[in-house]
Amino acid sequence: MSSCLTPLPVFLSDSTSCLPNTLHFLSSFMQVGLVSGISLIVGTMIGSGIFISPKAVLLTTGAVGPCLCVWAACGVLATLGALCYAELGTMITKSGGEYSYLMEAFGPVVAYLYSWTTVIILKPSSFAIISLSFAEYASTPFYPGCTPPMVVTKCLATACVVLVNCLSVKLASYVQNFFTAAKLLIILVIVVAGIVLLAQGNTENLSDPFEGARTSFGSIGLAFYNGLWAYDGWNQLNFITEELKNPYRNLPLAIIIGIPLVSVCYVLVNIAYFSALTTTELLQSPAVAVTFGERVLYPLSWVVPLFVVFSTFGAANGSCFTAGRLTYVAGREGHMVKILSYISLRNYTPSPALIFNGMLTLIYIMPADINTLINYFSFAQWAFYGLTALSLIVMRFTRKELNRPVKCPLPIAVLVVLVSFYLVLAPIVDKPEMEYLYCTIFILSGLLFYYPFVHCRFSWTRQVMSEYPHGWYPSGVQMVPHI
């Protein structure tokens, strides 16, 4: 019977006085089970997008038929990508997601550039956008007839989510489970209402679904961009592999259950919208689910904005939960300052990494509009997705000795690589802008920090944060055989 690898935290200190804490840490660290794993995937993927602005896909495709096809195709692509990540996650059972896989396949430079871009820009700006949506919907009822002070609500939203994640892994998991159940409930309500309307004969918007469709190279790419933004989060479980109970079983199961569930929900919700709203009404609506609720669910239409609040808070909680793990793994590998790799022995959470991510989020929240930032950096995200799928192909030949409990067919990995690079190039070819060049320059500017702090490791850089504050220990997680 072959042995399997399980994440065993081993403190790098030679002192044996740490042993009781180490053993307690080991029993408490792996706290995310199958249900919580599914909730993390579903809860992070289903944020505010499907409720507030699914019109972006319709705007770029021009008709109902291709719009629904893009939503379904995005679900298929997310599932195929997740199958690649299932092999990588069970082969390399380290937290950090793409960072760990790029490190193994391509070395520290590519992994550092990924962590640099994701930790500094992608994760906190995405978290900021979700927090903005949560703050807007949560504060509006308390300020009838006027605009709430957004700066206060933005900061409170971010602080609340960071606090939940710093307190306990279990608490963050329970919060995620509750809000995932809440958002699935409101989706069920919308879908059932749509089925009733279709049964009553409200099928005008679906009678000629491909009239006026746009199928240019660029428009299809932009439609996929907007649809995949709503699907973002399909890879979140790979960021917390070390905290997952029995990752060889629960990681692929959570992916196989969670992502198709979200895909079916998205397609059915869009069909429900078209049963009550024309394409013009949907494009003009500032919040599609709210408009649908006012038209179909009155006098209970108030439940829709309430559940949008639940949905956005759950997505923010999941985003914060995984973003902190990437930062802490990068700190553990020496690609971030050492304090970000610390774990609280009281709560068993990477609190410094979570707080650091929260501080960056607060910075991105302050501007009036950060959607442009995330739009321009989305091409970088898909470049890293493509490189990660490519790492699977590379390691099939360079790391044949690694155990692969889940094996993804190579044609699927090749397809994900091709689609990823299509999504990178399509917006640039369709509408080239200088901002893409600026984003590329920013990504490569990470090398200015990599050379002195990581590659050369001058004596003064090695001493950065070398002393451990009282009550904290370095994570120092190693992978050791366990029968």
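These questions and answers walk through a predicted model.

Visitor: What should I know about numbering and cut-offs in this model?
Guide: Residues are numbered from 1 along each chain as its sequence is written, and side-chain values use heavy atoms, with hydrogens and water left out. In this predicted model, totals for chains, interfaces and linings use all residues, side-chain atom pairs count only at pLDDT 80 or more, and local features need pLDDT of at least 70.

Visitor: Which helix gives the most to the largest nonpolar core?
Guide: A nonpolar core is a set of buried Ala, Val, Leu, Ile, Met, Phe, Trp, Tyr and Cys residues joined through side-chain atoms within 4.5 Å. Buried means under 20% relative accessible area, exposed over 50%, partly exposed in between (1.4 Å probe, protein chains only). The largest core has 124 residues, and F51, W71, I190, W234, Y273 and W382 have the most contacts inside it. With 15 residues, the top contributor to this core is helix 5 (residues 64-91; helices are DSSP runs of H or I, at least four residues, numbered from the N terminus).

Visitor: How many residues are in the other core, the one with I130?
Guide: This core lies apart from the largest one. Its members include I130, V162, A316 and C320. The count is 7 residues.

Visitor: What is the volume of the largest cavity?
Guide: A cavity is a set of points, on a 1 Å grid over the protein atoms alone, where a 1.4 Å probe fits but cannot get out. Grid points are joined across faces, edges and corners, and the volume is the space filled by probe spheres set on the points. The structure holds 1 cavity of 30 Å³ or more. The largest has about 60 Å³.

Visitor: Which helix supplies the most lining residues there?
Guide: Lining residues have an atom within 4 Å of a point; here they are V32, S36, L40, A172, S173, Q176, I240 and F321. Helix 2 (34-45) and helix 9 (169-199) each supply at least two. The most, 3 residues, come from helix 9.

Visitor: Is V290 buried or exposed?
Guide: V290 sits in helix 13 (residues 288-296). Beyond four places in sequence, V290 touches Y137 and V304 (contact: heavy atoms within 4.5 Å). Its relative accessible area is 18%, so V290 is buried.

Visitor: How is I257 classed at 38% relative accessibility?
Guide: I257 lies in helix 11 (residues 247-276). Its C-alpha atom is separated by 7.1 Å from that of I38, 219 residues apart along the chain. Because its relative accessibility is 38%, I257 counts as partly exposed.

Notes
1 Å grid on protein atoms, 1.4 Å probe; cavity = no way out; pocket = protein on both sides within 12 Å on 5 of 7 lines; lining within 4 Å.
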